[in-house]
Amino acid sequence: MSKFASFINAEEKFSIKSEDLPALNEGEILVKNLCTSICRSDIHTYQGKRIEKSPTILGHEIVGIIEQLGPHAPLHDLRGNELKVGDKVTWAIYASSPDDLLSKAAIPQKAKDLFKYGHEQITNTSHFHGGLSEHTILRKNTPIIILKQDLTNEIASLINCSVATVAGAVRLAGVINNKSVAVYGTGMLGIIACAMLSKMGASQVIAIDENATRLKITKEFGATESYLHNEELQNKVDIVLEFSGSISAMQHSIHVLKIGGIVIWIGAVFPQPAVQLNAEYIIRNLLTIKGLHNYNNNDFINAVNFMEQYHAFFDFESLIKKGFVLEQVESAFEYATNHNPFRVSIDLS
Ligand SMILES: [Zn+2]
């Protein structure tokens, strides 16, 4: 038997249930979940801003321990290490066909047969696919990485959404060394971006937000300067990473770029009206706008490498509100909604 929090919708919310774990299919791995942190997209679903097919099991920022390897389960993780029972693992939020052209073009998060942890409906043949549960069944073609044991569960749970998405954004931005970068939106992703950019040699890491308290915190995570959203930047920048998803921020982000600058939009992952852009301005200033949704296998590896190397250098732990268990999932979401900490984590160990 395994316990999970079944989610219906913004009105009916959660109920704690217990069901038998099914026998593992070809290529599957059973993981005992250790910790799940609540991502912004989980909160949007909880509030009804996003709709998932239900009943579902929310939560995709997960870390766990391999409990059982199914028939013909993969032998190695993405870094080439042998997968064994007892390994502490993180896995990508997606599983998709590796033979699809999109996978071959390094966009597996949109490839054929896409399956996304924490976003799937519970059916007779598909269950235990979210983090608000004692177990997760990893499907065939899920990218998995064995973690070093010294990462705490709370820190490790951030890797497969927040950190990997930031790694993807940084990849799209190109060379970071000696570049000036502005980071719009200093929630969990923005803070991680400041940390990563500072370690990649950015000459300036400029944090921009409407929340002065959050801006202050960015200084401990590598930001060299910070501005409130309505303040004028002293100098223009080479690169912008936009995590807030706010329309005014996206419009503003174009105008802080130097000639030839590049902006990556990552935050706007919920329904919203169109952004107003002036094409002539973009053309005459040779600007590039790129969008990023989720990340790919290389970003995922880079995310793990980054956290393993720098988890003790930056106090990410201080950004996480701990102390909730699975039965308190409702209060954990209420806390996340009402107090808006960087992250709320659920202890499943
Ligand atoms: Zn997420």
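Which residues are exposed on the other side of α10? In this predicted model, local features are described only where pLDDT is at least 70 and side-chain atom pairs only at pLDDT 80 or more, whereas totals for chains, interfaces and linings use all residues. Residues are numbered from 1 along each chain as its sequence is written, and side-chain values use heavy atoms, with hydrogens and water left out.

Helix α10 comprises residues 329–339, where helices (H or I, at least four residues) and strands (E, at least two) are DSSP runs numbered from the N terminus. Within α10, Val329, Ala332, Phe333 and Ala336 are buried, a term that stands for under 20% relative accessible area, while exposed stands for over 50% and partly exposed for values in between (1.4 Å probe, protein chains only). Because these buried residues cover an arc of only 95 degrees around the axis, they lie on the same side of α10; the arc is that of the directions from the helix axis to the C-beta atoms. On the other side of α10, the exposed residues are Asn338 and His339. The buried residues of α10 pack against α1 and the strands β1, β2, β3, β16 and β17, contact being defined as heavy atoms within 4.5 Å.

The packing of α1 with α10 has an angle of about 105 degrees, and the axes are 11 Å apart. Axes are lines fitted to C-alpha atoms, for helices over the stretch in contact, and angles run from 0 to 180 degrees between N-to-C directions. The two helices are therefore roughly perpendicular, a class that spans 65 to 115 degrees, with angles under 35 counted as roughly parallel, over 145 as roughly antiparallel and the rest as oblique. In this contact, Asp42, Ile43, Tyr46 and Gln47 of α1 meet Glu330, Phe333, Glu334, Ala336 and Thr337 of α10.

The loop between α1 and β4 contains His60, which is buried with a relative accessible area of 2%. His60 touches residues including Cys39, Tyr117, His119 and Cys161, not counting residues up to four places away in sequence. Pro55 is found in the loop between α1 and β4 as well, and the peptide bond leading from Ser54 to Pro55 is cis, with omega near 0 degrees.

Two residues in other loops have a positive phi although neither is a glycine: Lys13, at about 55 degrees, and Leu286, at about 50 degrees. Lys13, between β1 and β2, is buried with a relative accessible area of 19%, whereas Leu286, between α8 and β15, counts as exposed at 56% relative accessibility.
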